[in-house]
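Got the viewer open? Here's a short tour, one selection at a time.

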Amino acid sequence: MKNERKFDTLCVHAGEGPDPQHGAHATPIYQTSTFVFKDAEQAAARFAGKEQGYIYMRVAPHTPTHAAFVEKITALEGAETGLPFASGMAAITAVALAQLKKGDHLISSDVVYGSTYSLFAKVLTKFGVEVSFVNLADLERVKACIQPNTKMIFAETPANPTLTVCDIAELAKMAREIGALSVVDNTFATPYFQRALPLGTDVVVHSSTKYIGGHGDLLGGVVVGGADFVKRMKPIVHTTGGIMAPLEAWLCIRGLKTLHLRMERHASNAMAVAQFLEAHPRIEWVRYPMLPSHPQHAIAQKQMSGFGGMISFGVRGGLEAGRKLMNRVELCSLAVSLGTVDTLIQHPASMTHATVPREVRRKIGITDDMVRLSVGVEDVADIIADLEQALAW
Ligand code: LCS
């Protein structure tokens, strides 16, 4: 019965129930570093993995608050289990460390969040991992990049900030055929609009800082997937220690309770804003997966049930015009991050993707004129009015 419940019901209820000790309705925050054992035998059994239970906050399942968050996001993604992290970057790092070793080859989307690019290009390569950045929307190019030592295909879709979309099912199939791990960063779409695991992907990662938390007040990450891979990740997590804090786990639980409501509004607002921008004479181009002008519109329609709240666009007049717009907005906040209830505007080339070398940015379409908008859940008329006044010069 529990597993048959609909997505919106799982958002509200999955992983939660009255606390068995006092009947608290909201999941309590277990702010404790350690747990007291009944006796030395029980402690030994827990350390040996012979008895399930809590040990110490760094060790999975961490605390009951973490366990509730993991159970909720696991239910929403259709996963077996998962692990919570201190940030999206800690989550991606742990997946890479669990899967890759010296001499292995990683294929990644050429467009990824700036720190993901740096992790792959500058950190993993230091430890002898080979990395190919490829446009994953071009399956022939991906096929041509496969090597006998390819052990992981990492897809960010829709990608930050170009909103490039790749075919999740085809990439998962390709990875399976060569015995590599397929990973999808589902931060932009969330499980409300896109579920990669039922399409064959092995592992899904999120920056829960974004839509999962939803209110711009936490930093977190999460990995979900099959029990075998998560089990393989645990020694990495336990020794590197980049786990989520209990308050953050609780904020993620609270955020997920309204994920379905927020995502609907983010998406309908974003559609209206994208259409407004596309028709505006000062706007050179707009990238949003719902628009037929999006290069992978058909793939987005096939694998997503909605297109989210992220838009990128260019203002006629290039970087200077984009700066002018960002300096003139009043309701929108000039800030990085995304997926918050309020609308955020930023410039990828000098902010979120400044660590990506300029020639790489140019090649993959992170142009200097690009402005990125994370459309919030305000009244859309106010968002459009703000952009309109900011573009009236
Ligand atoms: N994956 C994606 C798709 C992201 O957009 C980000 C952060 C991360 C992973 C890393 O997550 P974090 O460690 O920050 O929780 N993206 C950001 C952005 O576009 N602006 O600021 C952060």
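How many of the residues in strand β9 (residues 310-315) are buried? Select the strand and take a look, keeping in mind that this is a predicted model. Six of its six residues turn out to be buried, so β9 is mostly covered by the cut-off of under 20% relative accessible area.

Now turn the strand over and check each side. M310, S312 and G314 sit on one face, and I311, F313 and V315 on the other; all of them are buried, so both faces of β9 count as covered.

Next, bring in the neighbours. Add strand β8 (residues 283-287): β8 and β9 pair in the antiparallel sense, with four bridges between them. Then add strand β12 (residues 370-374), which pairs with β9 over five bridges, again in the antiparallel sense.

Zoom in on S312 for a good spot to see both pairings. Towards β8, S312 is the bridge partner of R287. Towards β12, S312 stands opposite R372.

Last stop: the cysteines. How many disulfides does a search of the whole structure find? The answer is zero. Pick C166 to see one example: it is in no disulfide, and the nearest cysteine sulfur, in C145, is 14 Å away. C166 has 3% relative accessibility, so it counts as buried.

Then jump to C252. Why is there no bond from its sulfur to the closest cysteine sulfur, in C11? Because the two are 13 Å apart, which is too far; a disulfide would need the sulfur atoms within 2.5 Å. C252 comes out at 0% relative accessibility, so C252 is also counted as buried.

Definitions and conventions. Residues numbered from 1 in each chain as written. Predicted model: local features only at pLDDT ≥ 70, side-chain atom pairs only at ≥ 80, totals over all residues. Heavy atoms only, no water. Buried < 20%, exposed > 50% of the residue type's maximum accessible area, 1.4 Å probe, protein only. Helix = DSSP H or I, 4+ residues; strand = E, 2+ residues; numbered from the N terminus. Pairing = 2+ DSSP bridges.
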